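Biologist: Please take a close look at one part of this model, a helix and what surrounds it. I would like a single connected description.

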Amino acid sequence: IIEKEKEISLILMDIQMPGIDGFETVRLIKENETTKEIPVIFITGIYNSLEFVNKGYELGAYDYIQKPFESQFLLNKVNVFLTLYNQSKTLKLQKQMLEQAERELIKEKEELDILLKSISDGVISFSMSGKIIYMNESAGKILDLNHQSTNEVLIREIIKVIDENNNEVPINPIEWLKNNNKSEKKQLSIVTQLGKRKIINAEASDIRDINDNLTGVVIVFSDMTEMIRMQNQRSLSQKMESVGRLASGISHEINTPMQFIGDNTFFINDAFKNLIQYCENIENLINKKFDNEEDISEKLTEIKNEYDIDYLKEEVPVAIERTQSGIERVSKIVLAMKNFAHPSGKQKTLSNINQGIDVTVTISKNEWKYVADLQTDLDGNLPMVLCTLDEINQVILNMIINSSHAIGDVISKDEPDKGKINISTKYDENFVYIILSDTGKGIPKENLSRIFDPFFTTKEVGKGTGQGLAIAHDIIVNKHSGEIHVDSEYGKGTIFTIKLPIKVNNTINKIE
């Protein structure tokens, strides 16, 4: 019996042995999984029958050594055999390892192909010449290529980026890789093969061989079109909700000055009629003949007193001044509402943040005036900011409303002491800062990390949707590459700090 743990390189065996013969022993050796690979050489004096020799080979013997033999001959033959056998065994093992590696590579390739087919992101690899080497199904769907054959797609460039001049430019993946910051995804506006315009988030990575030579580029991208559309729709919906909520307050703010504008114009109308009649009487008086100047003077005084001219001289200018003031107030409110509600388009422009704050404070007055005194401290030298101003206004409005609600939760409208809301601006070398603080109830510590989560709100049912701060975070961080921070002490108040980048081509734009 041959034990598994012993290393056996070769078995030398006679054919004629007591018990079982050599043939039966070879058969048992070859049937055993542990020993079947061990080579067997017969040493026998019976070597004159071809049938006898073939039987040994058929059972698995490797060779015969015929008796009698010299010891040195046997040793030499065994050494040669072992050398050749070990080489053969090594080659066989290497072949098996190579075959196993090939099987594993094929398996890995199949698994990778299944994985790439199952993910929603598009994956395209390019050669150094810019031709497509591989493309998964998601890439075909995003680029509207699934109606074309694979061979047709793989031989040509297929991504077309919409440039600043609204032209369709075929992408050069190698150049794009050089200009791409790998640490962040790049948002591109593209046109598909069916002419559809889409927005994708894409990231390029290089493909290198074992010698670190660049052999190609892989671009991974996802379709953001629907998500951005939903975000815009959600933002617009929330904005329209804010506008709707402010509408009654705006009408009240307009109604007050319109009432005294109406009263003053009625007074001015009556005064004008009196002045017309006074002038007519003066004309009639001029056409009459009087004996002396005293009679004329008495008559003039009588007419002047009749139409209360001194009173009109004093009050009409005041009425006109108040009317003009009311008109200016109404115009300011209407203009502020127009600037706030009118979309500025998706293109960012250099904008005056202070002006946006003034507009938003004006239209939101009815939200805060009953619960808080709102003060602004705006830096007159604030640089222009490249932004979408109506979106920034939306953020400021959401925060003013939040502050008003937070203050309203701790004071009553009937109380003489109101809360305070302060909005200030400042800037440094890199950022414009918008700081909004309030004396509301503050935010519990355990909720601070969640306030920008969509649909999270601590307000009672019907008072908040949990969308305001989530949209504010999306506008500031995702759309304007800025920052928004909150610092709050429960029971004392909250401070929001917004940071907007101001550098455009390494220059700071001053407000003229």
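Modeller: What follows describes helix 10, its partner helix and the sheet it lies across. The model is a predicted one.

Helix 10 covers residues 353-363 and packs with helix 12, residues 389-408. Their axes are 9 Å apart and form an angle of about 45°. Angles under 35 degrees count as roughly parallel and those from 65 to 115 as roughly perpendicular, and helix 10 and helix 12 are therefore oblique to each other. The crossing of these two helices is right-handed. On the side of helix 10, the contact is made by Ile353, Gly356, Ile357, Thr360 and Val361. Helix 12 contributes Leu389, Ile392, Asn393, Ile396, Leu397 and Ile400. Of the residues in this contact between helix 10 and helix 12, eight are nonpolar and three are polar, with no charged residue.

Helix 10 also lies across strand 12, strand 14, strand 15 (431-438) and strand 17 (493-501). Relative to strand 14, helix 10 runs at about 165°.

Now to the sheet. Five strands form an open sheet in the order 12-14-15-17-16, and the pairing is mixed. Strand 12 (372-377) and strand 16 (483-489) are the edge strands, each pairing on one side only. From one strand to the next, the twist averages 10°. Strand 12 runs parallel to strand 14 (residues 419-427), and six bridges join the two. As one example of bridge pairing, Asp373 has Lys420 in strand 14 as its partner.

Notes: Residues numbered from 1 in each chain as written. Predicted model: local features only at pLDDT ≥ 70, side-chain atom pairs only at ≥ 80, totals over all residues. Heavy atoms only, no water. Axes fitted to C-alpha atoms, helices over the stretch in contact; angles between N-to-C directions. Helix = DSSP H or I, 4+ residues; strand = E, 2+ residues; numbered from the N terminus. Parallel < 35°, antiparallel > 145°, perpendicular 65-115°, else oblique. Left-handed = near helix turned anticlockwise from the far one by under 90°. Contact = heavy atoms within 4.5 Å. Nonpolar A, V, L, I, M, F, W, Y, C, P; charged D, E, K, R; others polar. Pairing = 2+ DSSP bridges.
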